[in-house]
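Let's take a tour of a protein model, stopping at a few spots worth a closer look. Keep the structure open while you read.

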Amino acid sequence: MTFLAIADDLQRTVNEAQGPLQALPEKETSAHPQPGKWSKKEILGHLIDSATNNHQRFVRAALYGPLTFPGYEQDALAKLQDCNEVEWKLLLRLWESYNFYLAHVIARIPESASNVPCTIGNNPTATLGFIAEDYVAHLKHHLNQIIGQRFATAYGKK
């Protein structure tokens, strides 16, 4: 899949998710569905972290070629940032804006960077193209957790 197609998919997904996300009541977004499971606010905070981490991966690998990036301590970051104490509307505006901007950035990555190898933490090396596709699939997976099974998570697969 081209970077332009990935960017279009990301922008379309954010557009489609806006209404259902905005309709969620504040109280519901802070509730933990089960002990040890993240609230909707914590999931959205995780998606903001994913956006910020992947933004750096996209631009640095496109500019500099093969790179190794640090891993991601998702539970520690969720605890540190305490997203349940942040207003839902603020988290939502940040998530929407950041992803619209990422769609803009992804659309401008040269296709020649698609096969740039990247290593993230202890994970196997992956291409920048795969990382961009996986970013959108990961976002859809978590949107499905927040608002229900609505988004195909892997380009046509649910």
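## Getting our bearings

Before we start, a word on labels: helices (H or I, at least four residues) and strands (E, at least two) are DSSP runs, numbered from the N terminus. Bear in mind that this is a predicted model.

With those labels, we can place Asp-82: this residue sits in the loop between H4 and H5. Asp-82 has a relative accessible area of 36%, so it counts as partly exposed. Its backbone is worth a look too. Most residues other than glycine have a negative phi. Asp-82, though not a glycine, has a positive phi, near 50°.

## Two helices side by side

Two packed helices are described by the angle between their axes and the distance between the axes. Here, helix H3 (residues 40–64) packs with helix H6 (residues 128–147) at an angle of about 170°, and their axes are 10 Å apart. Angles over 145 degrees count as roughly antiparallel, so that is the label H3 and H6 get.

Who makes the contact? On the H3 side, the residues include Ile-43, Leu-47, Ala-51 and Phe-58, while H6 brings in, among others, Leu-128, Ala-132, Tyr-135 and His-142. Sorted by class, the contact of H3 with H6 has 14 nonpolar, 6 polar and 2 charged residues.

Let's zoom in on His-142, which belongs to helix H6. His-142 counts as buried, because its relative accessibility is 10%. Apart from residues up to four places away in sequence, His-142 touches Ile-43, His-46 and Leu-47. Thr-119 is another story: it is 23 residues from His-142 along the chain, and the C-alpha atoms of the two are separated by 23 Å.

## An aromatic pair

How many aromatic pairs does the structure hold? Just 1. The partners are Phe-58 and Tyr-135, and their arrangement is edge-to-face, with 6.0 Å centre to centre and 85° between the planes. Phe-58 lies in helix H3 and Tyr-135 in helix H6, so the pair ties together parts that are 77 residues apart in sequence.

Are the two partners buried or exposed? Phe-58 is buried, with a relative accessible area of 0%. Tyr-135 is buried as well, at 2%.

## The nonpolar core

Phe-58 turns up again in the largest nonpolar core, which has 41 residues. Along with Phe-58, the residues with the most contacts inside this core are Leu-10, Leu-21, Trp-95 and Leu-128. Two or more core residues come from each of helix H1 (3–22), H3, helix H5 (88–107), strand E2 (117–120) and H6. H6 gives the largest share, 8 residues.

Leu-10 makes a nice example of how the chain comes together. Not counting residues up to four places away in sequence, Leu-10 touches Asn-99, Leu-102, Ala-103, Ile-106, Tyr-135, Val-136 and Leu-139. So Tyr-135 is on this list, and we already know it as the partner of Phe-58 in the aromatic pair.

## Two buried threonines

Now for Thr-13, which is found in helix H1. Thr-13 counts as buried, because its relative accessibility is 3%. Setting aside residues up to four places away in sequence, Thr-13 touches Leu-139, Lys-140, Leu-143 and Phe-151.

Thr-29 is in helix H2 (residues 26–30). With a relative accessible area of 0%, Thr-29 is buried. Once its neighbours within four places in sequence are left out, Thr-29 is in contact with Leu-24, Ser-39, Lys-40, Lys-41, Asn-84 and Trp-88.

## Out in the loop and at the tail

Where does Pro-70 lie? Look in the loop between strand E1 (67–69) and helix H4 (74–81). At 62% relative accessibility, Pro-70 is exposed, because the cut-off for that word is over 50%. Even so, Pro-70 has partners beyond its neighbours within four places in sequence: Arg-57, Ile-120 and Gly-121. Gly-121 is 51 residues away from Pro-70 along the chain, yet their C-alpha atoms are separated by 4.8 Å.

Our last stop is Ala-152, in the segment after H6. Ala-152 is partly exposed, with a relative accessible area of 23%. From C-alpha to C-alpha, Ala-152 and Ala-137 are 7.8 Å apart in space, with their positions 15 residues apart in sequence.

Technical notes:
Residues are numbered from 1 along each chain as its sequence is written. This is a predicted model: local features need pLDDT of at least 70, side-chain atom pairs count only at pLDDT 80 or more; totals for chains, interfaces and linings use all residues. Side-chain values use heavy atoms; hydrogens and water are left out. Buried means under 20% relative accessible area, exposed over 50%, partly exposed in between (1.4 Å probe, protein chains only). Contact means heavy atoms within 4.5 Å. Axes are lines fitted to C-alpha atoms, for helices over the stretch in contact, and angles run from 0 to 180 degrees between N-to-C directions. Angles under 35 degrees count as roughly parallel, over 145 as roughly antiparallel, 65 to 115 as roughly perpendicular and the rest as oblique. Ala, Val, Leu, Ile, Met, Phe, Trp, Tyr, Cys and Pro count as nonpolar, Asp, Glu, Lys and Arg as charged, and the others, Gly among them, as polar. A nonpolar core is a set of buried Ala, Val, Leu, Ile, Met, Phe, Trp, Tyr and Cys residues joined through side-chain atoms within 4.5 Å. Rings of Phe, Tyr and Trp (its six-membered ring) pair if their centres lie within 6.5 Å; planes under 30 degrees apart count as stacked, over 60 as edge-to-face and the rest as tilted.
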